[in-house]
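User: Hi! I have a structure open and would like some help reading it. Could we go through it together?

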Amino acid sequence: MKAKIYSVLGDFRKYWNVPPKGRYMTFKEIASLSVGGIGVKFIVYCINQMMIVVGNTLIGNTIGIDPSALYVIYILSVLSGFPLTALRAKMIDNTRSMKGKYRPYLISMGIPTVILGAGFIWIPYENMSLFWKCAVVLAFNIGFQFFFKFYNDSYDSLINVLSPNSIERSDVLSVRSVVENFSPSIANIFLPLVAKLITGDDTLYNLKIYRVLFPPMLLAGFAISVLVYVNTEEKIVQAKTHVISMKFSDAFRAIARNKYFWIISLAGWLGFLENSFNGILGWLYNYQHAATAAQYSIIVAIAGNASFWPNLVAPFFIRKYGKKKILIFTNILNIFFILLMLPIVRMTGSKNIIWLLLVCTFVNQFITSLGHLLTPSVNADIRDYQQYVTGERIDGMFAAVGLIGEVITLATGFVLPMLYERSGLNQSVAVSLGYDGSNVYDVLYDKSYFISISSVLVLASVVGAAMNVIPYFFYDLSETRQKAMVRVLKIRALFEDYGNNVMSDEALVETVEIIKEAKEYCDKPLNDISKRDKDKKRKKQQLEENEKIEIAQLVNKELTKYGTDYGRLQLENANSIVAAGLDGFISASTITKAQAKAMPKSTELEKERRREALAQVSNVKAAKKAIDKYFPNGIVEFDSSVFDSLFRREDENELELHNALKSMKKAKENKDSAQVQMLKSTIDKLQRERKRIDNEIKQATESNSVYYRAAKPFLDAQKLIIQAENYSHLEDIISLYDKMEK
């Protein structure tokens with residue numbers, strides 16, 4: 001044991017500034033990302049409580065905005081986020097900095113976020129009418145929609161560019177998740193205790209508490225988060241050759257064929273009521289005094305700790321049961337534990353009721369956190385499927401299409417305020433109970449209304465949880481199939497590299513071994529595994545062999561697809577499109593939407609043919625529209641070689657600017673005013689040149705995107721012909737591998 005500890009400490013010192021072999025992140029980077037994440041999460045903890053959402057206790061209970069008014073400003077806040085999301089995406093896409101794609105925004109967006117957060121708390125809401133409360137809260141939230149979301153997204157996305165190794169990213173994410181969760185845990189533990197000292201009573205709905213605690217938390221959080229900016233280095237920057245800028249309509253057409261995206265999205269859209277019960281635990285403490293401040297600190301600490309444990313068990317569960325089974329089982333279990341809250345809230349006034357509710361809340365938070373941990377993995381699978389089906393990797397555009405969910409949320413968001421209103425959380429009930437009606441949440445001091453309103457919210461959560469689980473039954477993208485698709489993508493990449501004479505030895509070895517294993521297993525029958533078989537070793541071997549067989553079948557299907565009747569038909573269609581040329585390919589694509597819809601769909605193969613036919617019709621329609629708009633006199637082929645000189649000029653300019661800034665710093669240290677003045681002029685000139693280059697790249701990218709949109713069916717046909725030709729050289733590629741092995 002002692003030797004093992006020394007070994008770990010030795011590795012820690014050895015890899016503090018140098019990454020281990022095969023890895024890209026030093027231990028210093030991992031530690032800085034994780035500890036700096038504590039600071040980020042302090043900021044996230046504070047700002048999330050200021051974001052407009054129905055059920056927000058700081059805005060609703062403390063500031064005193066009733067649910068109906070809160071829903072109105074929620075709509076306005078979400079609508080403001082649409083153009084701001086587009087602006088954020090544009091800024092990220094156009095970031096070409098030596099400091100990286102995301103790191104600079106941890107500073108430039110973090111500072112205004114902290115300023116806005118501190119300002120939000122110190123507004124004198126006590127002296128405002130409802131209208132002005134709503135106006136001020138909305139104004140701050142519009143700022144949060146841009147600055148805070150930009151800051152938070154930059155931190156969350158940073159892990160994707162710190163290492164190209166997906167296994168390393170998963171390991172680092174696990175460490176980061178454990179460490180960064182200390183901040184909300186600390187905040188939840190101390191908030192009730194400090195509140196007691198500040199106000200002298202057992203309530204968290206007093207602005208004095210947040211005015212004392214939040215500004216220091218925001219400032220300390222930002223100071224700690226600077227570790228992430230200072231001690232990490234981005235190693236993956238968006239490829240400069242990726243210059244296609246897709247419109248929302250293009251992305252929507254591409255993603256329309258991705259059934260798994262819609263299944264996962266639908267689960268979220270249908271389950272909009274699932275978290276309706278979230279505020280009840282806090283209500284019990286603040287309105288029904290079901291615990292002391294010290295007890296409530298322990299309660300929120302335990303509840304907050306529920307999200308820690310899934311980090312430890314999720315990898316085991318995923319390997320053993322698969323993502324689909326976990327998603328279905330946990331969501332069904334969630335329904336049971338939410339429903340169990342119903343008899344508990346009806347016991348309001350009884351001793352220890354808050355502890356019983358804590359048990360249900362803890363299990364719910366555990367289950368929810370486990371689902372959140374699965375989300376990155378599921379989303380990665382969905383994107384692999386997107387590339388497998390359409391040949392396009394459009395990760396960034398998923399967020400744009402995801403805005404549909406925001407629209408649906410707006411449409412369904414009125415339900416929760418309506419439930420609040422109809423269950424008694426309204427001004428008329430507050431007045432009838434003897435309150436002045438300025439804060440409708442005063443109704444919750446009445447035990448009978450507390451029970452009635454809480455019961456309605458629990459039942460709404462049960463309905464939301466039940467609706468949420470339904471789509472997962474249709475999610476059939478197994479881990480085995482996902483592995484097979486990734487192997488097919490590797491095969492496609494290798495043959496494309498072979499055709500372009502840029503094939504690497506490493507890719508050749510890996511891919512040919514995939515192909516050889518597929519040839520070995522594709523004709524084998526699947527093992528019939530008996531549940532009664534007690535030999536665990538034999539069962540494990542049979543399961544592993546079945547996985548290889550399933551993967552081999554999909555790989556073999558890919559390699560032989562152009563030898564099938566349907567493959568030959570695809571190739572014939574592609575040849576006719578290419579033969580017609582850029583000016584005639586529209587007329588060469590003769591199939592209509594009605595004909596495509598009328599195609600049979602009784603088997604998987606027939607469904608696939610029908611989907612591809614519908615996609616072709618859609619692409620031709622979009623291309624014709626683009627041609628009519630941009631190329632009325634015929635398509636002009638875009639010369640992509642223009643990017644070579646533009647990117648070379650950009651690199652040279654960035655290097656010169658970097659060197660000039662370093663020289664400026666040195667000149668200032670030496671107090672050489674003449675040199676400083678000269679360098680200022682040089683830097684100004686280089687910055688103006690950078691803007692000109694950026695504008696030229698932008699114009700070239702837009703021109704290339706327009707051409708791509710107008711010529712897509714033609715370009716797709718060209719790709720298919722080239723792929724078929726490359727696949728015909730399978731034996732040549734295997735011969736290259738055999739020679740290398742000798």
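Analyst: Happy to help, and we can start with the whole chain before moving to single residues.

User: Great. What should I know about the model before we begin?
Analyst: This is a predicted model, so local features need pLDDT of at least 70 and side-chain atom pairs count only at pLDDT 80 or more, while totals for chains, interfaces and linings use all residues. Residues are numbered from 1 along each chain as its sequence is written, and side-chain values use heavy atoms, with hydrogens and water left out.

User: How many helices and strands does the protein chain have?
Analyst: The protein chain has 33 helices and zero strands. Here helices (H or I, at least four residues) and strands (E, at least two) are DSSP runs, numbered from the N terminus.

User: And what is its radius of gyration?
Analyst: The protein chain has 30 Å, which agrees with the value near 27 Å for a compact globule of 742 residues. That radius is taken over C-alpha atoms, and the globule rule is 2.2 Å times the number of residues to the power 0.38. The C-alpha atoms fill a box of roughly 85 × 85 × 70 Å along the principal axes.

User: What percentage of the residues count as buried?
Analyst: Of the 742 residues, 45% count as buried. Buried means under 20% relative accessible area, exposed means over 50%, and partly exposed is in between (1.4 Å probe, protein chains only).

User: What about contacts between residues at least 6 apart in sequence?
Analyst: Among those contacts, 79% join residues at least 24 apart. A contact means heavy atoms within 4.5 Å.

User: Let's go inside. Which residues have the most contacts in the largest nonpolar core?
Analyst: Those are F120 and W283, in a core of 178 residues. The largest share of this core, 15 residues, comes from helix 7 (residues 130-162). There is also a second, separate core of eight residues, which includes L657, A660, M664 and A667. A nonpolar core is a set of buried Ala, Val, Leu, Ile, Met, Phe, Trp, Tyr and Cys residues joined through side-chain atoms within 4.5 Å.

User: What does W283 contact?
Analyst: Leaving aside neighbours within four places in sequence, the contacts of W283 include T57, Y205, Y420, F450 and L457.

User: I also clicked on S77. Is that buried or exposed?
Analyst: S77 is buried, with a relative accessible area of 1%. This serine lies in helix 4 (residues 67-93). Beyond its neighbours within four places in sequence, S77 is in contact with I52, L138, N141 and Q145.

User: Switching to charges: how many salt bridges are there?
Analyst: A search of the whole structure finds 19 salt bridges. A salt bridge is a side-chain nitrogen of Lys or Arg within 4 Å of a carboxyl oxygen of Asp or Glu. Side chains of opposite charge can pair when their charged atoms come close.

User: Can you show me one?
Analyst: R492 and E558 meet in a salt bridge, at 3.1 Å from N to O. R492 lies in helix 24 (residues 479-499) and E558 in helix 26 (residues 536-559), so the pair ties together parts that are 66 residues apart in sequence. R492 is buried at 16% relative accessible area, and E558 is buried at 4%.

User: Which residue pairs with R692?
Analyst: R692 forms a salt bridge with E689, with the closest N and O atoms 2.6 Å apart. The two are three residues apart in helix 32 (residues 673-727), separated by about one helical turn. R692 is partly exposed at 45% relative accessibility, and E689 is partly exposed at 23%. Together with R649 and E696, they are linked in a network of salt bridges.

User: Last topic: what's unusual about the backbone at K671?
Analyst: K671 has a positive phi of about 55° although it is not a glycine. Most residues other than glycine have a negative phi. K671 sits in the loop between helix 31 (642-669) and helix 32, and is exposed, with a relative accessible area of 75%.

User: And what is the phi of N352?
Analyst: N352 has a positive phi of about 70°, and is not a glycine either. You'll find N352 in the loop between helix 17 (341-345) and helix 18 (353-390), where it counts as partly exposed at 46% relative accessibility.
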